[in-house]
Amino acid sequence: MGSATEATKDISENLLGHKKVTVVFVLGGPGSGKGTQCANIVEHYGFTHLSAGDLLRAEIKSGSENGTMIQNMIKEGKIVPSEVTIKLLQTAILESGNDKFLIDGFPRNEENRAAFERVTGIVPEFVLFFDCSEEEMERRLLGRNQGRVDDNIETIKKRFKVFVESSLPVVEHYESLGKVKRIDAAKPIPEVFEDIKVIFSSLASKVMKLVIISS
Ligand SMILES: Nc1ncnc2c1ncn2[C@@H]1O[C@H](COP(=O)(O)OP(=O)(O)OP(=O)(O)O)[C@@H](O)[C@H]1O
Ligand SMILES: O=c1ccn([C@@H]2O[C@H](COP(=O)(O)O)[C@@H](O)[C@H]2O)c(=O)[nH]1
Ligand SMILES: [Mg+2]
């Protein structure tokens, strides 16, 4: 990205919807493997990966005035106010220079979803949903060893509750619009990615067809 003026120009074009931005929401329970598979998708399909949780953790590290509030919310498995998360996502989208994004772990609730669509004007191409049992997710989280303050059994239980009560309704909303692509995330990592490839290869060929038709 070049000068501040160029960045501002891109911001308005993206957010006013003049420039086509492709967004895939990557949703699923804590530990279902979203981050792991997003790295594979980035490598093969050129998307930019934006993990809302990673952006919030970076905000804590940056010494931001919201840092303590965010840290407390994450420790409790609670959902950070949407204006904070949306601002971080907007900035990351605009600074990336890319036009296709995997938004991982957001929207977390219906209010997040409605606010994101209202503020950015972006609706997702589809939702990639990682379906996995709590038993398997718990095993993965307790074995993750990345030093996360929320990878302990007490917080994990809270995160599961928030996921079922607040996040699954977002998936149901997009299901009612026929936008959910469900993945069996309990399979081994390479097998999950084989299933994901089928989805992203068909998206890539759809985009190619559109380019040919419109040129
Ligand atoms: N299909 C899989 N089978 C076994 N282990 C997996 C699989 N996918 C990911 N893992 C492992 O499980 C742990 C959690 O994976 P990951 O961080 O990708 O999950 P996540 O959905 O991003 O979790 P969170 O919502 O907490 O950020 C990691 O240690 C990862 O290596
Ligand atoms: O949109 C979001 C995303 C995340 N959070 C908070 O961060 C943690 C960890 O998120 P991961 O996706 O597992 O990395 C989550 O439990 C929330 O506390 C959020 O508030 N909003
Ligand atoms: Mg993750």
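Is E154 buried or exposed? With a relative accessibility of 55%, E154 counts as exposed. That is a handy way into this structure, which is a predicted model, and the charged side chains will lead us from the outside to the ligand.

## The chain as a whole

Let's start with the overall layout. The chain holds nine helices and five strands. Read from the N terminus, its elements follow the order α-β-α-β-α-α-α-β-α-β-α-α-β-α. Of the 215 residues in the chain, 41% are buried. Among the contacts with a separation of 6 or more, 74% are between residues 24 or more positions apart. The chain has an accessible surface of about 11,400 Å², and carbon and sulfur atoms contribute 54% of that surface.

## Salt bridges

Side chains of opposite charge can pair when their charged atoms come close. With a cut-off of 4 Å between a side-chain nitrogen of Lys or Arg and a carboxyl oxygen of Asp or Glu, the count for this model is 18 salt bridges. Three of them are set out here, with the N to O distance and the relative accessible area of each partner.

| Salt bridge | N to O distance | Acidic partner | Basic partner |
|---|---|---|---|
| E138 and K157 | 2.9 Å | E138, 22% | K157, 46% |
| D150 and R148 | 3.0 Å | D150, 5% | R148, 21% |
| E154 and K158 | 3.8 Å | E154, 55% | K158, 29% |

The E138 and K157 bridge, with its closest N and O atoms 2.9 Å apart, links distant parts of the chain: E138 sits in helix α7 (residues 134-142) and K157 in helix α8 (residues 153-176), 19 residues apart. Both partners are partly exposed, E138 at 22% and K157 at 46%.

The E154 and K158 bridge has another setting. These two residues are four apart in helix α8, so about one helical turn separates them. While E154 is exposed, K158 is partly exposed, with a relative accessible area of 29%. Elsewhere, salt bridges with shared partners tie R144, R148, D150, D151 and R159 into one network.

In the R148 and D150 pair, whose side chains meet at 3.0 Å, D150 is buried because its relative accessible area of 5% is under the 20% limit. R148, at 21%, counts as partly exposed.

## R159, a buried arginine

Where is R159 found? R159 belongs to helix α8, and at 9% relative accessibility it counts as buried. Setting aside neighbours within four places in sequence, R159 is in contact with P30, G77, L141, R144, R148, D150 and D151. With D151, the side chain of R159 also makes a polar contact of 3.1 Å.

## Around ligand 2

Which residues are closest to ligand 2? The shell has 17 residues, and the closest are R57, K78, V80, R108 and R148. Three of these have polar atoms whose distances to the ligand can be given. In the side chain of R57, an N or O atom is 2.9 Å from an oxygen atom of ligand 2. For V80 a backbone N or O atom takes this role, lying 2.7 Å from a ligand oxygen. R148 again uses its side chain, with an N or O atom 2.9 Å from an oxygen atom of ligand 2. Taken alone, ligand 2 exposes 450 Å², and the protein buries 96% of that area.

Two elements give two or more residues to the shell around ligand 2, namely α3 (52-61) and α4. The largest share, four residues, comes from α3.

V80 deserves a closer look. This residue lies in the loop between α4 (67-76) and α5 (82-96) and, at 5% relative accessibility, counts as buried. Leaving out residues up to four places away in sequence, V80 touches L56, M69, I70, M73, T85 and N112.

## What the record adds

The unreviewed UniProt entry places the feature "binding site" at R57, K78, I79, V80, G105, F106, P107, R108, R148 and R159. That annotation includes R148, which in the model is one of the residues closest to ligand 2 and also a member of the salt-bridge network with R144, D150, D151 and R159.

Terms used:
Residues are numbered from 1 along each chain as its sequence is written. Chains are lettered from A and ligands numbered from 1 in the order in which they are written. This is a predicted model: local features need pLDDT of at least 70, side-chain atom pairs count only at pLDDT 80 or more; totals for chains, interfaces and linings use all residues. Side-chain values use heavy atoms; hydrogens and water are left out. Buried means under 20% relative accessible area, exposed over 50%, partly exposed in between (1.4 Å probe, protein chains only). UniProt positions are given in the numbering used here, feature names are shortened, and annotations may be inferred rather than shown by experiment. Contact means heavy atoms within 4.5 Å. A polar contact is a pair of N or O atoms within 3.5 Å; within protein, one must be able to donate a hydrogen and the other to accept it, and residues adjacent in sequence count only if both atoms are side-chain atoms. A residue is near a molecule or strand if one of its heavy atoms lies within 4 Å of it. Accessible areas come from the Shrake-Rupley method with a 1.4 Å probe; for residues, only the protein chains shown count as cover.
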